[in-house]
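Trainee: Hello, I am new to this structure and would be glad of a guide. Could you pick a single part, look at it closely with me, and show me how it fits into the whole chain?

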Amino acid sequence: AYWEFAPKRSEVSVETGLPTHAVRTQHVALGGAGNVVANLYALGAGRIVAFAVIGDDLFGREMRRLLIEREIDTAAVIIQPDNWQTQTFAKPLVNGSEESRIDFGNFNALTETSRTALLTALRQTMSDLDIVIINQQAQFGMHNCPLFREGLQAIIADHPDKSFLLDSRDYSDVY
C-alpha cells in the first residue's frame with residue numbers, strides 16, 4: 001500500500017495536539033507472491049491458481065479484487081478471520097521519498113483450520129498443475145508454521161513428477 005503524504009496539508013489534531021499526515025494519493029499493488037502471480041498473468045500463462053491465507057480486512061479484500069481482476073483462480077485463497085492480518089507493507093511517501101514502512105501481519109498465527117484448508121486445496125489441485133511456485137518473503141506468514149512446512153514438504157515428496165520452484169528468504173533448506 002502506498003500513501004503519498006502532503007505535508008503542506010497537515011494540521012494539528014484537536015484531539016491529540018499532534019500533527020496529522022494528509023494523504024494526497026493512495027494505491028495498492030500485489031507484492032510478494034501476489035507479484036509473482038501478476039507477472040505470470042502478464043506473461044500470458046494459462047490457468048493460474050493462487051494459494052494464500054489472507055485476513056478479513058481491507059487489504060485482503062483488495063488483494064482478492066486485484067487477483068480476480070486478472071482472472072486468477074482464488075478458490076484456494078483462505079480467509080482466516082482471527083489472528084491474521086493480510087501481510088501488507090504500507091509505504092508512506094513524502095516528496096517522492098519513501099519513509100519508514102508500516103507493516104501489517106507481523107503477529108499472524110496460522111490456525112489448524114487454515115493450514116488444513118490450504119494444504120488440502122493444494123493437494124486436490126496438484127493433478128491440474130504443471131508447476132508450483134513457492135514464494136516465502138514474509139517472516140511471519142504461513143511458512144512460519146512448522147506444521148505447514150511439514151505438510152507442504154509432504155506434498156512435494158508425494159509429487160516427484162511435478163516441478164516446484166522455491167523463492168524463500170527463511171526456509172530454503174526445508175523444502
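Mentor: Of the contacts in the chain between residues at least 6 apart in sequence, 65% join residues at least 24 apart. Keep in mind as we go that this is a predicted model. Sequence separation and distance in space are separate things, and one pair shows this nicely: S97 and A121 lie 24 residues apart in sequence, and their C-alpha atoms are 41 Å apart in space. S97 belongs to strand β6, which covers residues 97-98. The relative accessibility of S97 is 41%, so S97 counts as partly exposed.

Let me give you the frame before we zoom in. The chain has 4 helices and 9 strands. Read from the N terminus, these elements follow the order β-β-α-β-α-β-β-β-β-α-β-α-β. Along the principal axes, the C-alpha atoms fill a box of roughly 60 × 35 × 25 Å. The chain has 175 residues, and 38% of them count as buried. Its exposed area comes to about 10,700 Å², with 50% supplied by carbon and sulfur atoms. As for charges, the chain carries 15 positive and 22 negative ones, and the mean positions of the two sets are 4 Å apart.

Now for the close look. I would choose helix α2, which spans residues 58-69, together with the salt bridges of its side chains. The whole structure holds 9 salt bridges, and R65 is a good place to start. Which residues does R65 pair with? One partner is E62, whose side chain meets that of R65 in a salt bridge with 2.8 Å from N to O. Another is E69, where the closest N and O atoms of the salt bridge with R65 are 2.9 Å apart.

Why do these pairs sit about one helical turn apart? E62 and R65 are 3 residues apart in helix α2, so about one helical turn separates them. E69 and R65 are 4 residues apart in helix α2, which again means a separation of about one helical turn. How open to the outside are the first two side chains I named? E62 has a relative accessible area of 25%, so E62 is partly exposed. R65, with a relative accessible area of 37%, is partly exposed too.

For a contrast, look at a salt bridge elsewhere in the chain. R123 and D158 meet through their side chains at 3.1 Å, N to O. Here R123 lies in helix α3 (residues 112-125) and D158 in helix α4 (residues 146-158), so this pair ties together parts that are 35 residues apart in sequence. R123 has a relative accessible area of 37% and is therefore partly exposed, and D158 is partly exposed as well, with a relative accessibility of 47%. Back at our chosen spot, salt bridges that share partners join E62, R65, E69 and R70 into one network.

What comes next along the chain? A loop runs between α2 and β4 (73-80), and E71 is found in this loop. E71 has a positive phi of about 60° although E71 is not a glycine. That is worth pausing on, because most residues other than glycine have a negative phi. E71 also counts as exposed, since its relative accessibility is 68%.

If you walk on past β4, you come to another residue of this kind. N83, in the loop between β4 and β5 (88-94), has a positive phi near 55° and is not a glycine either. The relative accessibility of N83 is 56%, which makes N83 exposed.

One last stop will round off your view of the surface. I131, I133 and L165 make a nonpolar surface patch of about 240 Å². Within that patch, I131 has its place in strand β8, residues 131-136. I131 is partly exposed, because its relative accessibility is 42%.

So, when you turn back to the model, begin with R65 and find its salt-bridge partners E62 and E69. Then follow the chain on to E71 in the loop after α2, and finish at the patch that I131 shares with I133 and L165.

Technical notes. Residues are numbered from 1 along each chain as its sequence is written. This is a predicted model: local features need pLDDT of at least 70, side-chain atom pairs count only at pLDDT 80 or more; totals for chains, interfaces and linings use all residues. Side-chain values use heavy atoms; hydrogens and water are left out. Patches are made of residues with over 30% relative accessible area and no salt bridge: like charges are joined within 9 Å, nonpolar side chains (Val, Leu, Ile, Met, Phe, Trp, Tyr) within 5 Å. Accessible areas come from the Shrake-Rupley method with a 1.4 Å probe; for residues, only the protein chains shown count as cover. A salt bridge is a side-chain nitrogen of Lys or Arg within 4 Å of a carboxyl oxygen of Asp or Glu. Helices (H or I, at least four residues) and strands (E, at least two) are DSSP runs, numbered from the N terminus. Buried means under 20% relative accessible area, exposed over 50%, partly exposed in between (1.4 Å probe, protein chains only). Contact means heavy atoms within 4.5 Å. Lys and Arg count as positive and Asp and Glu as negative; His and the chain ends are not counted. The place of a charge is taken as NZ of Lys, CZ of Arg, CG of Asp or CD of Glu.
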